[in-house]
Amino acid sequence: MLFTVLTGLITSSLLVPFGKLIKTKWSIVLPFIPVILFLFYLWHVPVIANGTNVIQHLAWVPSLGVNFDFRLDGLSLLFALLITGIGTGIFFYARSYLKGHIYFDRFFAYLLLFMSAMLGVVLSDNILTLFVFWELTSISSFFLIGFNNDSKASRSSALMALSITGMGGFFLLAGLILVGNIAGTFIISELFAYHDQLVSHPLYPLIVGLLCIGAFTKSAQFPFHFWLPGAMKAPTPVSAYLHSATMVKAGIYLLARFTPILGDTELWKITLMVVGGFTMIFAAVHSLFRTDLKGILAYSTVSALGILTFLLGIGTTDALVAVSVFILVHALYKATLFMVTGIIDHETHTRDITKLKGLRKVMMPVFIASLLAALSSAGVPSTFGFIGKDLIYEATLNFRESWTIWLTALAVLTNIGLVTAGFRAGIKPFSGKLPETFQQASLPYQSMWIPPLILAVLGILFGLFPGVVGDYFTHQTANAIAGGETDMHLQLWHGFNTVLTLSGATLAAGVALYFANNPTEEKLLALERFNVISSQHLFRQLGKGIRRASSWYTNKIHNGYLRSYHLKIILFAELLLGYKLWLGGPIQIDYANLTPLSWYEFGIAAILMGALYIIVTTKSRLTSVVSTSVIGYCLCLMFVFYSAPDLGMTQFTIDTLTTVLFVLVLYKLPPFINFMNRGVVIRDAIVALGFGIIISMIVLRVLYEPTTTDISDFYGENAYILAKGKNVVNVILVDFRGLDTMFETVVLAVAALGVYSLLKLRLKSSEKE
Amino acid sequence: MNSVILQTATRYLLPILLLFSFFLLLRGHYYPGGGFVGGLVASIAFVLHSFANGTESTMKILGYKPLSLIPIGLATLTVSVTVPLLFGLPPMTGLWLEEPIPVIGMIGSALFFDIGVYLVVIGVVLTILFTIALNN
């Protein structure tokens with residue numbers, strides 16, 4: 001399984017050097033990557049259907065408990081197949097959609113990165129690796145949403161999506177770490193055993209809150225839903241892939257994955273039911289007012305995600321079975337509708353449903369795909385959507401007695417909205433008379449209309465043979481979510497019962513609404529008057545507030561004068577250290593235990609004082625720099641006296657180089673001007689003296705603190721045994737704390753790049769003048 | 001700076017200092033020294049040369065921009081950290097050859113780690129100093 005995750009990552013990075021090549025006819029290799037991965041997972045279907053899980057383990061950072069543990073069960077398999085299967089369609093589709101685009105290579109690099117990240121999320125058996133991949137999906141989707149980077153709206157939507165999902169990521173990380181610490185393991189398959197312990201833990205409400213914020217931001221639940229409609233600025237293949245089947249379902253995946261670990265409590269159920277329930281009805285109503293095809297689809301997606309959250313909240317076996325089926329139902333029809341929308345946009349250059357009409361005459365196969373998807377989304381009998389809807393009603397009807405009516409009413413209302421939205425997006429653009437303006441529109445290239453047609457037909461086939469899909473596939477998904485055996489046998493026909501009546505009523509009401517109410521610009525504008533109280537507006541205000549606060553802070557604290565920075569830093573350090581010293585109580589100095597001063601220490605002290613005097617009184621920058629380096633060299637000598645040759649050497653070379661750097665910079669500065677008046681001199685003297693005194697006090701205190709030498713003893717004993725080195729300092733640097741050193745070198749490199757680009761960039765702009 | 005004495009001296013000092021920096025780098029695991037100090041000494045050698053003969057002529061000796069040493073160094077570091085993975089060990093495990101090599105001594109992944117640090121340090125120091133020096 002590791003290879004399926006790595007394939008995309010590696011190919012993605014290979015697109016950097018081979019980008020030019022992939023823009024030619026060689027681009028045909030790209031769609032075969034998801035094809036291969038899809039076949040790989042398809043091959044696993046019978047294995048998983050037997051109820052076995054495939055597990056793969058690879059150490060990554062074992063000392064931190066972060067490992068590549070992969071596990072394939074019913075839930076991961078469903079998602080892996082959706083990611084690779086719909087991915088295959090999208091790759092073929094996007095290759096035609098973006099043919100000739102200058103950033104064609106870049107687009108596929110992002111898309112591959114995203115696919116790998118999604119696979120990583122659903123396959124990880126370690127919650128920390130899951131989190132890493134989770135963040136990777138946020139980052140790669142940021143690039144995909146902002147792909148049209150010359151448009152401002154596109155950039156701001158990408159930023160919005162990243163800030164919402166990234167913020168959710170922080171909460172999620174906190175939640176996951178709490179789970180891991182309480183249970184003592186980060187392995188998901190081991191966490192199942194800790195359900196009772198986690199649920200009864202006092203921090204349980206906090207965990208649920210953190211985890212839910214993570215999942216809700218990703219899966220666009222109210223009040224974080226608004227980034228999803230905004231993200232429709234992305235090229236349509238991206239919307240079809242990210243926002244129908246994969247990225248937004250990651251939150252649902254997380255909730256489903258944690259249902260057997262954290263679920264089955266009132267808190268969990270109520271939270272998910274309230275948030276999911278509100279989101280589903282809220283978004284369904286919103287979708288009725290949209291005139292943009294992608295807007296309709298975005299809101300109906302949010303609504304569908306709400307349904308999934310709601311069902312997970314209900315949490316009965318019925319509901320979990322419904323979740324497993326509805327994920328598949330929704331992915332199939334929504335990806336189709338998105339791809340159809342892309343075709344319409346591509347051919348007619350508009351997505352406004354008040355203008356689109358009669359397109360069936362020019363693109364029949366697209367219409368068929370679209371119609372089938374719309375029927376499935378409406379839950380017409382013999383489509384897979386019908387099965388899904390049945391299960392949803394079954395779940396709401398069989399929940400607690402007193403809740404039944406309300407939950408069912410909510411589900412019915414939402415579904416009526418979804419029926420209308422599906423018809424509007426899938427049928428309306430094709431019905432009626434073809435206007436003059438669209439006469440020249442034509443059927444696009446095959447690879448654009450075949451993928452949606454296949455997905456739509458699958459939606460019907462699965463509907464006709466639900467038993468096969470249920471037994472071989474979604475049964476294990478439901479088992480994985482429920483964390484135990486579920487009784488599921490999907491049937492097309494249940495006989496005449498309440499569920500069927502509800503289904504019929506939903507369909508009828510939805511169709512009636514479709515004919516009765518037409519969205520217009522005016523209605524949309526009327527709705528937008530309420531934007532002031534929307535969470536999107538609040539979020540933007542928050543963003544503006546943060547920007548204002550930070551610019552105020554920056555102007556106050558970072559005024560651009562080095563001397564003022566120094567003053568603030570040192571004053572702050574003085575306050576902090578002084579407070580800590582004061583807490584420690586009085587210092588006793590035991591003069592008898594101090595080693596007597598030797599004559600060379602006196603000598604160095606004398607040189608130090610002399611250099612200091614020169615620094616304070618000199619009128620030349622060069623002199624003061626040289627005097628400063630004299631102080632540095634004196635410290636070197638101290639290090640050598642007290643047997644720290646490594647420190648001495650490093651201090652010596654660093655001091656030399658710093659002096660050189662100073663001289664180079666000073667050379668370019670204007671002549672020395674004295675800014676200081678008497679007041680400033682006195683202030684600085686006080687601050688400097690204070691700092692010196694505090695540092696001296698700390699040193700004296702350290703002398704009389706009982707020292708623990710555990711750590712140095714450990715390094716001393718093990719340097720040769722474990723790392724084969726006799727120089728302990730160096731062994732610590734390159735081995736024991738090697739990771740630190742590694743990152744420090746990266747920091748150095750970044751600093752050098754900063755200096756280089758700062759100076760070179762300025763040079764270029766001056767050259768332009 | 002136009003001093004014949006310094007120019008003549010650096011002609012001999014540059015190779016000696018570079019040799020010394022290698023010496024520091026190689027002995028680091030057993031005696032005072034290491035990649036960081038070694039890199040700093042090597043940088044000082046080049047800085048000294050640039051003082052005597054001008055930065056342009058030092059750049060000529062180097063052949064490449066010092067900036068290019070940074071990625072090479074970081075790559076060396078990364079390789080030394082990840083090589084144990086190929087042997088099925090966690091990253092950063094110290095791997096050592098059984099027998100010491102004459103002159104150099106024991107060879108292990110830590111040595112390559114140090115070489116990476118050495119190269120990055122030279123790259124960083126020279127990039128910063130030479131960019132400033134040449135930026136008129």
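Helices, in the sense used for this predicted model, are DSSP runs of H or I spanning at least four residues, whereas strands are runs of E spanning at least two. With that in mind, residues 36–55 of chain B are 95% helix and 0% strand, and the C-alpha atoms at the two ends of this span are 23 Å apart.

That span is one of those which the unreviewed UniProt entry annotates as "transmembrane region" in chain B, the others being residues 12–30, 67–89 and 101–134. Two of these spans are set out below, together with the span of chain A, residues 682–760, that an unreviewed UniProt entry annotates as "domain: MrpA C-terminal/MbhE".

| Span | Helix | Strand | End C-alpha to end C-alpha |
|---|---|---|---|
| Chain B, residues 36–55 | 95% helix | 0% strand | 23 Å |
| Chain B, residues 67–89 | 78% helix | 0% strand | 33 Å |
| Chain A, residues 682–760 | 87% helix | 0% strand | 40 Å |

In chain A, A573(A) sits in helix α26, which runs over residues 562–583. Because 13 C-beta neighbours lie inside 10 Å, A573(A) counts as partly exposed, a class that falls between exposed, at 12 or fewer, and buried, at 20 or more. Although A573(A) and F691(A) are separated by 118 residues in sequence, their C-alpha atoms are 8.3 Å apart in space.

As for confidence, chain B has an average pLDDT of 85, with 96% of its residues scoring at least 70, while the complex receives from the predictor an ipTM of 0.89 and a pTM of 0.73.

Note on methods:
Residues are numbered from 1 along each chain as its sequence is written. Chains are lettered from A and ligands numbered from 1 in the order in which they are written. This is a predicted model: local features need pLDDT of at least 70, side-chain atom pairs count only at pLDDT 80 or more; totals for chains, interfaces and linings use all residues. pLDDT is the predictor's confidence in each residue, from 0 to 100. UniProt positions are given in the numbering used here, feature names are shortened, and annotations may be inferred rather than shown by experiment.
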